[in-house]
Amino acid sequence: MNAREFILCGKRKRSDRHLDVINPYTGDVFDRICLCGEEEIEEAIAGSSEAFKETSALAGYEKMRILERLAELIGENREKFVEILINEGGKVRSLASAEVDRSIETIKISGEEAVRQTGEIIPLDRTEAGRGYTCFSRRFPVGTVLAITPFNYPLNLACHKIGPAIAAGNPFILKPASKTPVSGLLLGELVLEAGYPAEAVSVVPCEFRLAEKMVRDERIAFLSFTGSPGVGWHLKSIAGRKKVSLELGGNAAAIVHSDADLEHAASRIATGACANAGQVCISVQRVFVQNAVFREFLERLSSAFESLKNGDPDKSDTFVGPMISEEAAGEAWRKVQAAISGGAKIISGGRYDGKTISPTIITDATPEMEINSTEIFAPVVTVTPYEKFSEAVDLANNSVYGLQAGVFTSDIGNAFYAYEKIEAGGVIINDIPTFRVDLMPYGGVKMSGFGREGPAYALAEMTEQKIMVIRQKPVAD
């Protein structure tokens with residue numbers, strides 16, 4: 001099998017260092033890619049820095065047209081991307097198709113934002129010293145964007161970084177996850193075909209130590225990282241003075257109050273807990289249900305979980321595919337078993353075959369158990385009763401994470417109380433914390449990171465505000 005080339009400042013290059021990409025479900029080698037070494041990483045950084053002169057001079061309409069063309073090209077390669085996502089990451093077919101469609105929308109929205117960059121005029125005569133002066137303000141691109149993406153949404157999350165980078169006029173270096181690099185390499189090819197300056201485009205599969213080297217380099221202007229909290233906070237600690245945006249993990253909570261539509265809540269929580277085998281930063285992990293409806297809701301949730309088919313991701317009716325690796329599945333299962341040893345009970349599911357974990361519901365789990373206190377990243381939820389709504393909010397906040405939370409209630413007072421009191425970047429009323437539309441501001445607080453994604457908001461992160469002050473000459477009498 002020939003190894004797939006990487007992209008270095010717009011050029012396809014090979015190396016004698018290779019990485020096999022393994023299909024998580026079959027265990028077969030799906031593809032083989034070339035890995036970058038230190039010399040290639042240096043070339044990518046130096047070339048990107050030089051390319052900034054060209055990308056920063058692009059007009060808004062030019063960037064918009066490039067992004068519009070990129071969206072078209074992703075659409076033309078839709079089925080190719082779907083097959084890659086199924087084979088490199090074990091994503092089920094329906095979700096792979098949805099990810100490609102979302103990626104197209106993310107790039108389209110980025111194109112729209114490329115021509116929406118505006119500024120403001122600020123009269124300065126609020127004080128006597130400002131009389132006769134006017135301030136003009138607008139935003140300018142920061143420079144090379146280093147985009148480090150995870151395995152779980154390797155295409156759309158790359159688009160969430162690359163799209164705004166292009167809209168801002170920044171060069172980019174994409175470091176895709178080692179488990180799922182093929183979609184990123186194809187995306188890089190399409191960016192070049194769409195017409196972005198070649199020197200500004202690098203896709204560099206590499207070892208983690210070389211990713212660290214890039215993060216430390218002062219020529220990198222902005223780090224956009226999506227991945228685990230441990231890695232993300234480590235990278236921030238070595239990033240120096242550059243701007244950083246971290247979109248990290250969580251153990252998202254969903255609150256179900258007695259006045260909620262229980263059937264709707266159960267159906268949506270099953271989806272939010274088990275989509276992508278639970279390998280989603282905002283996957284439902286902790287469910288809090290008011291005592292008055294606890295038993296009824298648990299029955300509905302169990303029924304919803306049991307209806308989800310798991311197994312071969314290539315089959316159209318499979319909802320829950322394999323974990324990304326046997327190591328990841330084993331670690332998640334270890335947390336389940338530790339909870340059971342500590343007195344928790346499996347109500348539904350609880351089957352593990354080394355690659356997949358069936359949709360699993362657990363009760364009687366205490367807050368300090370790893371299955372509650374850490375991110376499990378598997379199709380597993382704990383369900384816990386509460387009495388007062390304020391108690392449920394306190395339980396949701398009993399976490400080092402704060403990405404998103406879901407609240408099911410028909411009481412507008414409860415909705416606003418949750419919005420004001422839940423410590424998270426987003427509170428979703430009458431839906432799951434897993435809800436995300438790609439144009440909305442998305443990000444977390446606490447250990448879940450900082451900064452916001454969504455093309456308009458990422459664009460703001462990837463630019464700097466700059467002012468010009470003009471002193472007006474007094475008008476002669």
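User: What phi does glycine 90 take, just after H3?

Analyst: In this predicted model, glycine 90 has a positive phi of about 70°, and this residue comes just after H3.

User: What makes the link between the side chains of asparagine 87 and asparagine 23 a polar contact?

Analyst: The cut-off for a pair of N or O atoms is 3.5 Å. The two side chains are joined at 3.1 Å, which is within 3.5 Å, so the pair counts as a polar contact.

User: Which backbone atom lies 2.7 Å from a polar atom of the side chain of asparagine 87?

Analyst: That atom is the backbone oxygen of glutamate 83.

User: Where does asparagine 87 lie, and what is it in contact with beyond its neighbours within four places in sequence?

Analyst: Asparagine 87 is part of helix H3, residues 78-89. Leaving those neighbours aside, asparagine 87 touches Ile22, Asn23, Pro24 and Phe30. Contact here means heavy atoms within 4.5 Å.

User: Why is asparagine 87 called buried?

Analyst: Buried means under 20% relative accessible area. Asparagine 87 is listed as buried in H3, so its relative accessible area is under 20%. Other buried residues of H3 include Phe81, Leu85 and Gly89.

User: What covers the buried residues of H3?

Analyst: The cover includes strands E3 (18-22) and E4 (29-34). Helices H2 (60-76), H4 (93-114) and H6 (182-194) are also among the covering elements.

User: How do you know what span is expected for H3?

Analyst: The expected span is 1.5 Å times one less than the number of residues, and H3 has 12 residues, so 16 Å is expected. From its first C-alpha to its last, H3 reaches 16 Å, close to that value.

Methods:
Residues are numbered from 1 along each chain as its sequence is written. This is a predicted model: local features need pLDDT of at least 70, side-chain atom pairs count only at pLDDT 80 or more; totals for chains, interfaces and linings use all residues. Side-chain values use heavy atoms; hydrogens and water are left out. Helices (H or I, at least four residues) and strands (E, at least two) are DSSP runs, numbered from the N terminus. A polar contact is a pair of N or O atoms within 3.5 Å; within protein, one must be able to donate a hydrogen and the other to accept it, and residues adjacent in sequence count only if both atoms are side-chain atoms. Buried means under 20% relative accessible area, exposed over 50%, partly exposed in between (1.4 Å probe, protein chains only).
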